[in-house]
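Student: I should like to learn how to read the surroundings of a bound molecule. Could you guide me through an example?

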Amino acid sequence: MRTRKLKAGVIGLGMGRNHAAGYAAHPKCELFAVCDADRGRAQEAAEKYGARHILRDWRKLLAMEELDLVSIAVPNYLHARMTIAALRAGKHVLCEKPMATRLADAEAMVRAARRAGKRLMINMSYRFDPLQQELHRRILRGDLGDLYYAKSHYTRRHGTPGRPGSWFMSKRKAGGGPSVDLGVHAYDLVWWHLGSPRPTWVLGGMFGELLPRRLGAVGSRDNVDDLACAMVRFATGQVIFFEASWEGHQPGHQGFEIYGAKAGASCRDWESNLKMTIHSDDRRGRPVDRPLKAPRRRTSAYRHFVDACLDPEMPMLASGEECIHVARVLDALQRSQKTGRAVRV
Ligand SMILES: NC(=O)c1ccc[n+]([C@@H]2O[C@H](COP(=O)([O-])OP(=O)(O)OC[C@H]3O[C@@H](n4cnc5c(N)ncnc54)[C@H](O)[C@@H]3O)[C@@H](O)[C@H]2O)c1
């Protein structure tokens, strides 16, 4: 029986603080090392979550033989480089979303995991909300019947992350604006609920109406989108429409509607106070709306990832192999915007 705890390292201590907390809370894992170019951030996380080692150089962290698994929670353009290096160093990897800034890099990450025989998970953290887990359980049980259409929205009125000049607003460093930052969650959640079907066509649109003007006013030449939308068709005949914005003259809206042959599901406000409702008809055809209650049992992406590293046979949610299909859709959205046409995935 295994007695030794797995040792975890985290690179990037913004969002990475959640990873550190998740590893520290797992009974079979310990937070061993944290690394950030900003030493103060790493130090703070180490003190709070009990890491033994604090580093500024990510290559030194990956060279630590004791480490079993690593979280990559740095700006998007560093995901592929660090993930591939970590896999080559024999570590399991939990990488933040979006996978990479270019599709070819995301594909290289999946190949590197296959070659290394190590786990690669992408932090599709929203899937682990207890209500999303409960809805998914009911979908698998057949409560909603066959699912055929979903709409998903992750829009903010004023919600651009970072300041002008930050990596979030650089196309090269982020790979895009809300299309990749929020769109990845909006699309992934409903795609997962719909059974992860294989996409065939994407028709998308991207806009930069408000943000480039604001950035230009402060002398920045960054030019990422501030709103994006896409319709995705699948070989199964299913369709998903999703939209994401950081800025827009509309109230923000975070949620989805899923249409099933027996019942539908709607989700509201996943950024603040998530509510989920199941919609169906009673025997007389009258509409019935039932709020879904969260189960007592809680999990998290970090807990799930550690469990998957401990048990090589355990099916893992949001693996690199699975999420590459999400990366292909985001790439197709950008190609559709460039060509003005629906594009094959
Ligand atoms: N899954 C989610 O729900 C979720 C939520 C927020 C952010 N994210 C993702 O997490 C990642 C980080 O986002 P953030 O909001 O924490 O950004 P951030 O800019 O706040 O933090 C990034 C950290 O990485 C550090 N860093 C940068 N380059 C480094 C290097 N070469 N070596 C070591 N450290 C380095 C920075 O000093 C900084 O502390 C992004 O990919 C983002 O998309 C995911």
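Tutor: Certainly. One begins by listing the residues around the ligand. In this predicted model, there are 24 residues around the ligand, and Met15, Asp36, Arg41, Asn76 and Lys97 come nearest.

Student: How do the residues of the shell divide into nonpolar, polar and charged?

Tutor: The shell around the ligand has 12 nonpolar, 7 polar and 5 charged residues.

Student: Which side chains have an N or O atom facing an oxygen atom of the ligand, and at what distance?

Tutor: A polar contact is read from pairs of N or O atoms within 3.5 Å. In the side chain of Asn76, such an atom is 2.6 Å from a ligand oxygen. For the side chain of Ser125, the distance to an oxygen atom of the ligand is 2.9 Å. Trp167 also has a polar side-chain atom 2.9 Å from a ligand oxygen. As for cover, the ligand on its own has 850 Å² of accessible area, and the protein covers 80% of that area.

Student: In which pocket does the ligand sit?

Tutor: The ligand is found in the largest pocket.

Student: How is the chain divided into domains?

Tutor: Domain 1 comprises 6–122 + 302–317, while domain 2 comprises 127–295. Their C-alpha centres are 26 Å apart. In the contact between them, domain 1 supplies 9 residues and domain 2 supplies 13 residues.

Student: Why does the ligand lie between the two domains?

Tutor: The ligand lies between them because both domain 1 and domain 2 give residues to the shell around the ligand.

Methods: Residues are numbered from 1 along each chain as its sequence is written. This is a predicted model: local features need pLDDT of at least 70, side-chain atom pairs count only at pLDDT 80 or more; totals for chains, interfaces and linings use all residues. Side-chain values use heavy atoms; hydrogens and water are left out. A residue is near a molecule or strand if one of its heavy atoms lies within 4 Å of it. A polar contact is a pair of N or O atoms within 3.5 Å; within protein, one must be able to donate a hydrogen and the other to accept it, and residues adjacent in sequence count only if both atoms are side-chain atoms. Accessible areas come from the Shrake-Rupley method with a 1.4 Å probe; for residues, only the protein chains shown count as cover. On a 1 Å grid over the protein atoms alone, a cavity is a set of points where a 1.4 Å probe fits but cannot get out, and a pocket is an open set with protein on both sides within 12 Å along at least five of seven lines; lining residues have an atom within 4 Å of a point. A molecule sits in a cavity or pocket if more than half of its atoms lie within 2 Å of its grid points. Ala, Val, Leu, Ile, Met, Phe, Trp, Tyr, Cys and Pro count as nonpolar, Asp, Glu, Lys and Arg as charged, and the others, Gly among them, as polar. Domain bounds come from an automatic or database domain assignment. Contact means heavy atoms within 4.5 Å.
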